[in-house]
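Subject: Structure handover

Hello,

Here is the structure I said I would pass on. My notes come after it.

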Amino acid sequence: MISPPPLLLVLGPDGHGVTQYAGDVAVAVTAVNPDARIVRVADVPAADRALADEAPGTPVHLHATDRLFGTGPEDAAEVVERWAARYRLTLTLHDVPQTSDGTMFERRRAAYSRMVSAAARVVVNSHHEQLLMDEFLPRSARADAIALGARSGIPSVPPPLEVDSDLRVLIAGFVYPGKGHRPAVLAAARAADSLRERGEDVGEVAVRAIGAPSRGHDGDVRLLREDAAALGVSFEVTGFLADDAFARELVGPGIPLAAHEHVSASRSMLDWVEAGRCPLVVDSRYAAEMDELRPGTIVRYAAGDLADHLVDAWLDPASTRLASDASLAPTLDDVAASYLAWWAAA
């Protein structure tokens, strides 16, 4: 049997994407190696209490994004440095800094450099993120890459495809600027006009956000609704959903879309394919990597061509579903095996 893995510290509140994925990976690791220990904590003070009885030098692994630690990226760097000074801390870094961070870019870049320097080893979730680190953290140690793992295969009997005359675009995840909701509204309006010019009977036109506004972005939702209404488009927001309700939304009628151009790595793409959907994905270096990793599970489009792709998907709703034999590998089981080998090679 592989030597015992590190203590798996799952940090953050329920519902946070990084926290949820860290928990998924931890459970998959314990299925392969029952010696693994999982410690789940909501915040840093709870983590400090949980780690207090661990011996100095204890191996600990943490999935980290600066947003889990406090009010600013400096908080994340301080905590990681403190834990790394006592334990043998390895990290999976999420949300690697890039220039689209805007005014936070330099602060996040400095904080991530400190975290990488403090950790014993670092892994990221894509080769794209390795390149981001080369570009923006050039003096940091090179990270290894282990791709995000899918939770499950495609259901052998997918839910029946609901077809109606509405043109509804579905975007999964939190609502915040840059996620693609505004381009989706504009493209949906253009697509509806194009279809009607062809004589197609298009019903309601809507962009549906499957999730809640990120903290502080309720005002963005109001503006999106106003702008969408002026174009004859409804902008719908479900609010936060429990897992079962979220899964039902993913298989509902509509065209799945992942339109965030500045991704680091994207759990939203996996949400779609795990539900048996084939999302439209705005082209990027990361999208190209995922297209190569899981062929046939996404449709890439150039940003200016979204309306044309919405027309095609509305005319052929079956194109938004994956074939039942499509592969979603690597799965979480594959990822667990990769982590166990990575830890053992340290």
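What follows is a summary of the fold, the two sheets, the helix contacts and two backbone details.

Please keep in mind that this is a predicted model.

Overall fold

The protein chain contains 12 helices and 12 strands. Its radius of gyration is 21 Å, against 20 Å from the globule rule for 346 residues, so the chain is as compact as a globular protein of that length. Along the principal axes, the C-alpha atoms occupy a box of roughly 70 × 45 × 35 Å.

The sheet with E1 to E6

One open sheet has 6 strands, ordered E2-E1-E3-E4-E5-E6, and the pairing is parallel. The edges are taken by strand E2 (38–41) and strand E6 (144–145); each has a single partner strand, so one side of each has no neighbour in the sheet. As general background, strands of a sheet pair through backbone hydrogen bonds, in either a parallel or an antiparallel arrangement.

Inside this sheet, strand E3 (residues 59–64) pairs with strand E4 (residues 88–93) in the parallel sense, over 6 bridges. If you want a residue pair for checking the register, Val-60 is opposite Leu-89 in E4.

Two helices lie across these strands. Helix H4 (residues 105–118) covers E3, E4 and strand E5 (121–124), and it runs at about 140 degrees to E4. Helix H12 (residues 332–344) lies across strand E1 (7–11), E3, E4, E5 and E6, at about 160 degrees to E5.

The sheet with E7 to E12

A further open sheet of 6 strands has the order E9-E8-E7-E10-E11-E12, and its pairing is parallel. Strand E9 (234–237) and strand E12 (299–301) are its edge strands, each with a single partner strand, so one side of each is left without a neighbour in the sheet. From one strand to the next, the twist averages 25 degrees.

Strand E8 (residues 205–210) runs parallel to E9 and is joined to E9 by 4 bridges. There, Arg-208 has Glu-236 in E9 as its bridge partner.

Helix contacts

I have three helix pairs to report, two of which involve H6.

Helix H6 (residues 181–197) packs on helix H11 (residues 306–315) at an angle of about 60 degrees, and the axes are 8 Å apart. That angle makes H6 oblique to H11. The crossing of H6 past H11 is right-handed. On the H6 side the contact consists of Pro-183, Ala-184, Ala-187, Ala-188, Arg-190, Ala-191, Ser-194 and Leu-195, and on the H11 side of Leu-306, Ala-307, Leu-310, Val-311, Trp-314 and Leu-315. By class, the contact of H6 with H11 has 12 nonpolar residues, 1 polar and 1 charged.

H6 also meets helix H7 (residues 218–230), where the axes come within 10 Å and cross at roughly 10 degrees. That makes H6 roughly parallel to H7. His-181, Arg-182 and Val-185 of H6 make this contact with Leu-223, Leu-224, Asp-227 and Ala-228 of H7. The classes in the contact of H6 with H7 are 4 nonpolar, 1 polar and 2 charged.

The third pair is helix H2 (residues 44–51) with helix H3 (residues 73–86), which pack at about 5 degrees with their axes 12 Å apart. H2 is therefore roughly parallel to H3. Val-44, Ala-47, Asp-48 and Leu-51 of H2 are in contact with Val-79, Arg-82 and Trp-83 of H3. The contact of H2 with H3 divides into 5 nonpolar residues, no polar ones and 2 charged.

Backbone details

Most residues other than glycine have a negative phi, and most peptide bonds are trans. Two places in this model are worth listing with that in mind.

The peptide bond from Ala-329 to Pro-330 is cis, and its omega is near 5 degrees. Pro-330 belongs to the loop between H11 and H12.

Asp-95, a residue other than glycine, has a positive phi, near 55 degrees. Asp-95 sits in the loop between E4 and H4.

Regards

Key. Residues numbered from 1 in each chain as written. Predicted model: local features only at pLDDT ≥ 70, side-chain atom pairs only at ≥ 80, totals over all residues. Heavy atoms only, no water. Axes fitted to C-alpha atoms, helices over the stretch in contact; angles between N-to-C directions. Parallel < 35°, antiparallel > 145°, perpendicular 65-115°, else oblique. Left-handed = near helix turned anticlockwise from the far one by under 90°. Contact = heavy atoms within 4.5 Å. Nonpolar A, V, L, I, M, F, W, Y, C, P; charged D, E, K, R; others polar. Pairing = 2+ DSSP bridges. Rg over C-alpha atoms; globule rule 2.2 N^0.38 Å.
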